Amino acid sequence: MPIRDIVDAAVSRGLSGVSLTDHYDFEIPEGVKSFTFDPKEQASEIEKTIMELPVEVASSFRILRGVEIGMQPQCVEDMARLVAENDFDTVVGSLHFIDGTDPFHGNYYLPYGYKEAYGHYLETIWKCIDKFDGLDILGHYDYIARYAPYPETTIYYSEFGDILDMILKKLAQNGKTFEINTKTYMPFGEREPQFDTMILTRFREFGGEFVSFGSDAHDLGRVGANFERFIPIVKSCGIRYSVHYEKRVAKPELL
Ligand SMILES: [Zn+2]
C-alpha cells in the first residue's frame, strides 16, 4: 500500500500515528512468496511521505519505521543482525514459518491434531524468544489458529497454559510487549478464533505492563480495525497501558 494511503486511512479513523512494520522473513519455504524489503527504501519512502503531507497532518501525526521479523529458531543470528544493522523504531517478532512450512498454505497441519499443532507452534515461539532478545513486541502468538483445519479455533490458557506461561513470563520479565493482533479475531470462512483473556491476565500477573494494538491490515480497509473493541477487554485483564516505540524506546499511554 502507498504509505500516504495508510496515513489517510489512519487519520480518518482517529489514529495519531502508525508504525509500519513490514515483513522480513528468512529461509522462505519453497513455493512461498518472499516477504522481505529494503529498510533504506522504507526509510526514504517514509521521509518522502512526511515531506508531502499537509502541514496540519504532519504536525500531529507520526509515521514510525518498523519491521515484523519472521522468527525461526535456526535464524536467530540473521534476526539479530537485521536489528543491529538498522535503526528501526519498532521490532515485532512473529512466527510465520515453522518446520519449513507456511501454515497459511496448510501443509503444516497435516500430521497433527490441534493440540500438537498449536502446542508445537507455541513451543517454537518459546525457542525463538529464549535465544533472541531483539524484539520489542511479540506478534500474533495465536496466528497458527487462524488458518487451521480443526473445529477448535481458539488457543485457550486452560489447554496450553504450561507453554504459554513460559512465553508470557519471559516477555514480562524482559519488559516486552504483548500484541493484540485484531486480525486473528475476525471470521476466516466458518471459523472465528477468540481471544482468551486468561492469557493476558497471566501476562499481567508475571509483571507484564504493555500491550500494542496491531491490525495486521495488509489492505486499507483494515487499518486500525477493531482497536476500540479490544480496549475494554485489555483493561479488564488489569493492563493499563498501550504502547508504541520510538527508536526502540517504549512510549506508554494510559488506556
Ligand atoms: Zn505476521
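Where in the chain is E27 found? In this predicted model, E27 is found in the loop between strand 1 and helix 2, the helix that covers residues 39–52. E27 is a useful place to begin, since its backbone can be compared with a general rule. Most residues other than glycine have a negative phi. E27, however, has a positive phi of about 45° although it is not a glycine. Another residue of this kind is K247, where phi is also positive, at about 50°, and where the residue again is not a glycine. K247 lies in the loop that joins strand 7, residues 241–246, to strand 8, residues 249–254.

From the backbone we can turn to the metal site. The zinc ion has three protein donors, namely E68 through OE, H96 through NE2 and H140 through NE2, and these lie 2.0 to 2.1 Å from the ion. Along the sequence, the donor residues follow the spacing E-x27-H-x43-H. Two of these donors, E68 and H140, link distant parts of the chain, for E68 sits in strand 2 (residues 62–70), while H140 sits in the loop between strand 4 (137–138) and helix 6 (143–146), 72 residues away in sequence. Both E68 and H140 are buried.

The donor H96 leads on to D102, because H96 is among the residues that D102 contacts once neighbours within four places in sequence are left aside, the others being P29, V32, F97 and Y143. D102 lies in the loop between strand 3 (90–94) and helix 5. Its relative accessibility is 9%, and D102 therefore counts as buried, since the limit for that word is under 20%. To get a sense of scale, one can compare D102 with Y241, which is 139 residues away in sequence and 33 Å away in space, taken from C-alpha to C-alpha.

D102 also belongs to the wall of a pocket. The second largest pocket has a volume of about 290 Å³, and it is lined by 17 residues, of which H23, F35, D102, F104 and Y143 lie nearest its centre. Two elements, strand 1 (17–25) and helix 6, each give two or more residues to this lining. By chemical character, the lining of the second largest pocket divides into six nonpolar, five polar and six charged residues.

A pocket is open, but empty space can also be closed off inside a protein. Rolling a probe the size of a water molecule over the atoms shows where empty space is left. In this model the count comes to one cavity of 30 Å³ or more, and the largest cavity has a volume of about 40 Å³. Its lining is made up of I129, F132, D133, L135, K170, L171, N174 and K176, which divide into four nonpolar residues, one polar residue and three charged ones.

Next comes the packing of nonpolar side chains. The largest nonpolar core has 58 residues, and within it Y118, Y141, F178 and L200 touch the most other members. Helix 5, residues 114–131, gives the most to this core, with nine residues. Apart from this core lies another, of 14 residues, among them A10, V18, I46 and F61. Returning to Y118, and leaving aside its neighbours within four places in sequence, one finds it in contact with I144, A145, A148, Y150, E152, T153, T154, I155, F160 and R191.

Three further residues show how the surroundings of a residue can be described by its accessibility. T90 has its place in strand 3, and it is buried because its relative accessible area is 3%, under the 20% limit. Not counting residues up to four places away in sequence, T90 touches S19, T21, R65, G66, V67, D136, I137, Y245 and R248. K169 lies in helix 7, residues 157–173, and with a relative accessible area of 39% K169 is partly exposed, while R204, 35 residues from K169 in sequence, is 9.3 Å from it in space, C-alpha to C-alpha. S158 is found in helix 7 too, but S158 counts as exposed because its relative accessibility is 68%, over the 50% limit. S158 and G221 are 63 residues apart in sequence, and their C-alpha atoms are 34 Å apart in space.

Definitions and conventions
Residues numbered from 1 in each chain as written. Predicted model: local features only at pLDDT ≥ 70, side-chain atom pairs only at ≥ 80, totals over all residues. Heavy atoms only, no water. 1 Å grid on protein atoms, 1.4 Å probe; cavity = no way out; pocket = protein on both sides within 12 Å on 5 of 7 lines; lining within 4 Å. Points joined across faces, edges and corners; volume = space filled by probe spheres on them. Nonpolar A, V, L, I, M, F, W, Y, C, P; charged D, E, K, R; others polar. Donors = N, O, S within 2.8 Å, 3.2 Å for Na, K, Ca; no water. Helix = DSSP H or I, 4+ residues; strand = E, 2+ residues; numbered from the N terminus. Buried < 20%, exposed > 50% of the residue type's maximum accessible area, 1.4 Å probe, protein only. Core = buried A, V, L, I, M, F, W, Y, C linked by side-chain atoms within 4.5 Å. Contact = heavy atoms within 4.5 Å.
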